[in-house]
Amino acid sequence: MSKVAVVTGGTRGIGEAISKALKDEGYTVAANYAGNDDAAKAFTDATGIKAYKWSVADYDACAAGVRQIEEELGPVAVLVNNAGITRDAMFHKMTPQQWREVIDTNLTGLFNMTHAVWGGMRDRKFGRIVNISSVNGQKGQAGQANYSAAKAGDIGFTRALAQEGARANITVNAIAPGYIGTEMVRAIDEKVLNERIIPQIPVGRLGEPEEIARAVVFLASDGAGFVTGSTLSANGGQFFS
Ligand code: NDP
């Protein structure tokens with residue numbers, strides 16, 4: 001029987017590429033999303049992967065969503081915590097709401113989702129958790145105090161849980177992408193992108209969502225059992241940590 005993989009934010013952008021790559025590897029994939037029904041429908045129509053709508057910021061909704069997926073598809077073996085948002089502002093202008101929304105989705109979302117699968121993975125003595133952090137969590141980014149804090153928190157969470165999961169054969173790893181060509185990045189002013197951001201990337205281009213998906217496939221695999229607590233940087237040489 002094929003293993004079940006849940007990808008949060010799995011219907012668009014990097015998450016869409018991850019969902020497709022895991023499906024191609026033979027996993028039964030459940031893609032979660034927050035509210036963009038049109039994108040989710042187009043994704044399901046194109047891939048045949050079922051989409052499940054709830055916010056990862058809502059603890060009870062995560063528990064209910066995972067329960068539904070396990071009833072429909074079977075026990076979750078792989079969780080990819082990919083859902084993320086930005087609410088950028090220089091710190092002197094950042095509102096408590098911008099802070100909270102980003103922390104709730106990008107950091108607390110990992111707690112909520114991982115809590116929902118952790119007990120089952122411990123009981124079954126197998127699990128693969130992959131958390132999508134960011135280069136901006138590693139190096140910090142002006143205008144993103146909220147996002148940088150959340151994404152750095154994702155790495156600390158990864159390292160702590162890797163130690164807790166190790167004896168139960170649960171690996172917990174993070175991937176820290178650099179700038180990837182998704183809507184999140186295309187929302188950046190084109191002039192800023194072309195004149196300030198891309199010139200800082202040694203490979204001279206944005207990354208492709210599929211380049212992150214391939215790293216997820218490796219970390220999710222049975223063969224990656226000795227890799228845990230790590231953060232894989234995938235940023236075109238922009239930053240070494
Ligand atoms: P997109 O904005 O393209 O897609 C985000 C996805 O997350 C969508 O499916 C969206 O659902 C979902 N989502 C957002 N909020 C929630 C929520 N509260 N609950 C459930 N799902 C949610 O983002 P990217 O593909 O660019 O980013 C994916 C991840 O990679 C994020 O964690 C991001 O921080 C990280 N990252 C991205 C980089 C980039 O350059 N793009 C660089 C480094 C890290 P819906 O469609 O319903 O809105």
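**Ligand shell, sheet and helix packing in a predicted model**

Q: Which residues come nearest to the ligand, of the 30 around it?
A: In this predicted model, 30 residues lie around the ligand. Helix H1 (13-24), strand E2 (28-33) and helix H7 (183-186) are the elements that give two or more residues to this shell. Those that come nearest to the ligand are Gly9, Gly13, Asn36, Gly84 and Met184.

Q: How many residues of the shell around the ligand are charged?
A: The shell can be divided by residue class. Nonpolar residues number 14 and polar residues also number 14. The charged residues number 2.

Q: Which strands are the edge strands of the sheet?
A: The sheet is open and has 7 strands with parallel pairing, in the order E3-E2-E1-E4-E5-E6-E7. From one strand to the next, the twist averages 20 degrees. An edge strand pairs on one side only, and this holds for strand E3 (50-53) and strand E7 (231-234).

Q: Which residue in E3 stands opposite alanine 30?
A: Strands E2 and E3 run parallel and are joined by 4 bridges. The residue that faces alanine 30 from E3 is lysine 50.

Q: What angle does the direction of helix H3 make with that of E2?
A: Helix H3 (residues 59-73) packs on the sheet, where it touches strand E1 (4-7), E2, E3 and strand E4 (76-81). Relative to the direction of E2, that of H3 makes an angle of about 155 degrees.

Q: Are H3 and H4 parallel or oblique to each other?
A: The axes of H3 and H4 come within 9 Å and cross at roughly 40 degrees. Tyr59, Cys62, Ala63 and Val66 of H3 make the contact with Asn112, Met113, Ala116 and Val117 of H4. The residues of this contact are 7 nonpolar, 1 polar and no charged. Angles under 35 degrees count as roughly parallel, so H3 and H4 are oblique.

Q: How are H4 and H6 oriented to each other?
A: The axes of helix H4 (residues 96-124) and helix H6 (residues 145-165) cross at roughly 15 degrees and come within 8 Å. Because angles under 35 degrees count in this class, H4 and H6 are roughly parallel.

Q: How many residues in the contact of H4 with H6 are nonpolar?
A: Among the residues of H4 that meet H6 are Trp99, Ile103 and Leu110, and those of H6 include Tyr147, Phe157 and Leu161. The contact also holds 5 polar and 2 charged residues. Its nonpolar residues number 9.

Notes. Residues are numbered from 1 along each chain as its sequence is written. This is a predicted model: local features need pLDDT of at least 70, side-chain atom pairs count only at pLDDT 80 or more; totals for chains, interfaces and linings use all residues. Axes are lines fitted to C-alpha atoms, for helices over the stretch in contact, and angles run from 0 to 180 degrees between N-to-C directions. Angles under 35 degrees count as roughly parallel, over 145 as roughly antiparallel, 65 to 115 as roughly perpendicular and the rest as oblique. Two residues are in contact if their C-beta atoms, placed from the backbone, lie within 7 Å. Ala, Val, Leu, Ile, Met, Phe, Trp, Tyr, Cys and Pro count as nonpolar, Asp, Glu, Lys and Arg as charged, and the others, Gly among them, as polar. A residue is near a molecule or strand if its C-beta atom, placed from the backbone, lies within 6 Å of it. Two strands pair if DSSP finds at least two bridges between them.
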